[in-house]
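Subject: The structure you asked about

Hi,

Here is the structure, ready for you to open. Have a look around first, then read on for what turned up.

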Amino acid sequence: MQVIARGAEAILYRKNNLLIKERIRKKYRIKQIDEKLRRNRTTLEASLLSHARRVGVPTPKIVKVDRDKCKIIMEFLPGTKLRDLIPTLPNNTLARICQEVGRSIGKLHKAGIIHGDLTTSNMIYYEGKVYFIDFGLGFFSRKIEDQGVDLKLLKDALKSTHFKVLNVCWRNILKGYKEEYPKADLVIKRVEEIEKRGRYRKR
């Protein structure tokens, strides 16, 4: 097995055409509490991935969930992270892909799924589709506030990573989001409110 990424919460391995995500033990936590937390997070993430796929959002197919070992075994997607692809795209292609991203986020929110870490590093372009990965910080919620925070995280990520094409990306993400989610205007308004709160706190 080949280690392809190592984070604070998990290690990712590749084995042939499979990706294995294993949640690692936190030694500062009591062992029994740590095991329970890791098992619960593993189960929740697998549920989020499966549910997202059922509502039409491209995600990796889950092969197996080993709750006791805190592992999710899924298909490996040999695509390109959207973070790396965006700088290479002409504006018309970028607009189309961002609109697709917006539609997928709309589907997630309509189904009560909060991704929790919407960045272009957690989206993979593969065979003409944008796949959403890493639901490790995700949860189920239909609250407009939670959806607003989810969307604002993506806007902040775009500002820091893709500021040169921010307007094209954000405008088309919102276009796709509105097409898919009936409550889109409420969420977008909440994003603006959250931004104002942040500016007020900075003062």
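Let's begin with a helix: which residues in H4 are buried? They are Ile144, Gln147, Gly148, Asp150, Leu151, Lys152, Leu154, Lys155, Ala157 and Leu158. Before you go further, keep in mind that this is a predicted model.

**H4 and its partner H5**

H4 covers residues 144–161, which makes 18 residues. From its first C-alpha to its last it reaches 26 Å, close to the 26 Å expected at 1.5 Å a residue. If you look back at the buried residues of H4, you'll spot Leu151, Leu154 and Leu158 among them. Here is a handy bit of background: an α-helix has 3.6 residues a turn, so residues three or four places apart point the same way.

Now find H5, with 15 residues. H5 reaches 21 Å from first C-alpha to last, and that is close to the 21 Å expected at 1.5 Å a residue. Its buried residues are Leu166, Val168, Cys169, Trp170, Asn172, Ile173, Leu174, Gly176, Tyr177 and Glu180.

How do the two helices sit together? H4 and H5 pack at an angle of about 155°, and their axes are 9 Å apart. Angles over 145 degrees count as roughly antiparallel, so that is what H4 and H5 are to each other. The crossing of H4 past H5 is right-handed.

Which residues in H4 meet H5? On the H4 side they are Gln147, Leu151, Leu154, Lys155, Leu158 and Lys159. They meet Leu166, Cys169, Trp170, Ile173, Leu174 and Tyr177 in H5. Sorted by class, this contact has 9 nonpolar residues, 1 polar and 2 charged.

**H3 against H5**

H5 also packs with H3 (residues 91–110). Here the angle is about 40° and the axes are 6 Å apart, which means H3 is oblique to H5. This crossing, too, is right-handed. The residues in the contact of H3 with H5 divide into 9 nonpolar, 7 polar and 6 charged.

**Two buried residues to click on**

Start with His162, in the loop between H4 and H5. Is His162 buried or exposed? Its relative accessible area is 4%, so His162 is buried. What does His162 touch, leaving aside its neighbours within four places in sequence? The contacts are Arg83, Ile86, Thr120 and Ala157. Ala157 may look familiar, being one of the buried residues of H4.

Next comes Val187, in helix H6 (residues 184–202). Val187 has a relative accessible area of 0%, so it is buried. Not counting residues up to four places away in sequence, Val187 touches Ile144, Gln147, Gly148, Leu151, Tyr177 and Tyr181. You've already met Ile144, Gln147, Gly148 and Leu151 among the buried residues of H4, and Tyr177 among those of H5. For a sense of distance, try picking the C-alpha atoms of Val187 and Arg25: they are separated by 36 Å, with the two residues 162 apart along the chain.

**Some residues with more exposure**

H6 also holds Asp185. At 55% relative accessibility, Asp185 counts as exposed. Its C-alpha is 9.4 Å from that of Leu174, a residue 11 places away along the chain.

Lys69 is in the loop between strand E4 (62–66) and strand E5 (71–75). With a relative accessible area of 53%, Lys69 is exposed. Lys69 and Glu35 are 34 residues apart in sequence, and 9.0 Å apart in space from C-alpha to C-alpha.

**Two backbone oddities**

Most residues other than glycine have a negative phi. With that in mind, check Asn16, which isn't a glycine yet has a positive phi of about 55°. You'll find Asn16 in the loop between strand E2 (10–15) and strand E3 (18–23). Its relative accessibility is 64%, so Asn16 counts as exposed.

Asp134 has a positive phi of about 55° as well, and it is not a glycine either. Look for Asp134 in the loop between strand E9 (129–132) and strand E10 (139–140). Is Asp134 buried, exposed or partly exposed? With a relative accessible area of 31%, Asp134 is partly exposed.

Have fun exploring!

Cheers

Conventions
Residues are numbered from 1 along each chain as its sequence is written. This is a predicted model: local features need pLDDT of at least 70, side-chain atom pairs count only at pLDDT 80 or more; totals for chains, interfaces and linings use all residues. Side-chain values use heavy atoms; hydrogens and water are left out. Axes are lines fitted to C-alpha atoms, for helices over the stretch in contact, and angles run from 0 to 180 degrees between N-to-C directions. Helices (H or I, at least four residues) and strands (E, at least two) are DSSP runs, numbered from the N terminus. Angles under 35 degrees count as roughly parallel, over 145 as roughly antiparallel, 65 to 115 as roughly perpendicular and the rest as oblique. A crossing is left-handed if the near helix is turned anticlockwise from the far one by less than a right angle, and right-handed if clockwise. Ala, Val, Leu, Ile, Met, Phe, Trp, Tyr, Cys and Pro count as nonpolar, Asp, Glu, Lys and Arg as charged, and the others, Gly among them, as polar. The expected span of a helix is 1.5 Å times one less than its number of residues. Buried means under 20% relative accessible area, exposed over 50%, partly exposed in between (1.4 Å probe, protein chains only). Contact means heavy atoms within 4.5 Å.
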